[in-house]
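Reader: Before I set up any calculation on this model, I would like a close look at a single part of it. Please take the sulfur-bearing side chains one after another, and say how each value should be read.

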Amino acid sequence: MDESAYRQVLTTSIARPCPFERSILTHCASCSKAEKYNVAEREVVGCDRVAGYKQCMELYGALRHSFSFALHKTHAEGPLTHAQEMRVQCGGLKGLRYIMEGDVEVADVDGMVTQARQTYGEWDDFPHTDIVHWAAENYRPR
C-alpha cells in the first residue's frame, strides 16, 4: 500500500487519532481511553472519548509550542523528526506528571490531563517552562 492510500484509509477509518500515539505505542505512556487499531499492517491509536480527545489535542499543541525553542525550531508548525516528536510526547507527558505528582510513570494520559486542567485551569497557566526544563534534563530516548 502506498503512503497516500494509507493516509486516506487512516483518515476515513479513525475518527479521533490520538495525539500521543507514539508515546503510547512505545509504552512510554498509557491511556484508559486509547483504542488500538491495525490499518494496513500498522498499529495506530485512536481515542474513544470526544472531550478527552479535545483536551489532549490542546495539551499536545501547548507542549509542541513550548518545546519549539528546546527543539531549535523557530516555528511550532511543520513536521518533526521522530526523535523530536518523542521528546515532545514522552518528555512532555513525563515532565507534566513529575511536576504534578513527583513521579514519571504516566499510567493514564486522559486522567492526568483532566487532573492537570483542574489544578492549573487554562493552558496558559500550566508550568510550561518547568515541563520543558524537566524534559531537557531528564528525558532520554532509548
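Author: Cys-56 counts as buried, with a relative accessible area of 7%, where buried means under 20%, exposed means over 50% and partly exposed covers what lies in between, computed with a 1.4 Å probe on protein chains only. The model is predicted, so local features need pLDDT of at least 70 and side-chain atom pairs count only at pLDDT 80 or more, whereas totals for chains, interfaces and linings use all residues. Residues are numbered from 1 along each chain as its sequence is written, and side-chain values use heavy atoms, with hydrogens and water left out.

Searching the whole structure for disulfides, that is, for pairs of cysteine sulfur atoms within 2.5 Å, yields 1. This bond is formed by Cys-28 and Cys-90, whose sulfur atoms are 2.4 Å apart. It links distant parts of the chain, 62 residues apart, since Cys-28 sits in the loop between α2 (21-25) and β1 (34-39) while Cys-90 belongs to helix α4; helices (H or I, at least four residues) and strands (E, at least two) are DSSP runs, numbered from the N terminus. Both partners are buried, Cys-28 at 12% relative accessibility and Cys-90 at 1%.

Cys-31, by contrast, is in no disulfide, and the nearest cysteine sulfur to its own, that of Cys-56, is 5.9 Å away. With 17% relative accessibility, Cys-31 also counts as buried. Returning to Cys-56, this residue is likewise in no disulfide, its nearest cysteine sulfur being that of Cys-31 at 5.9 Å.
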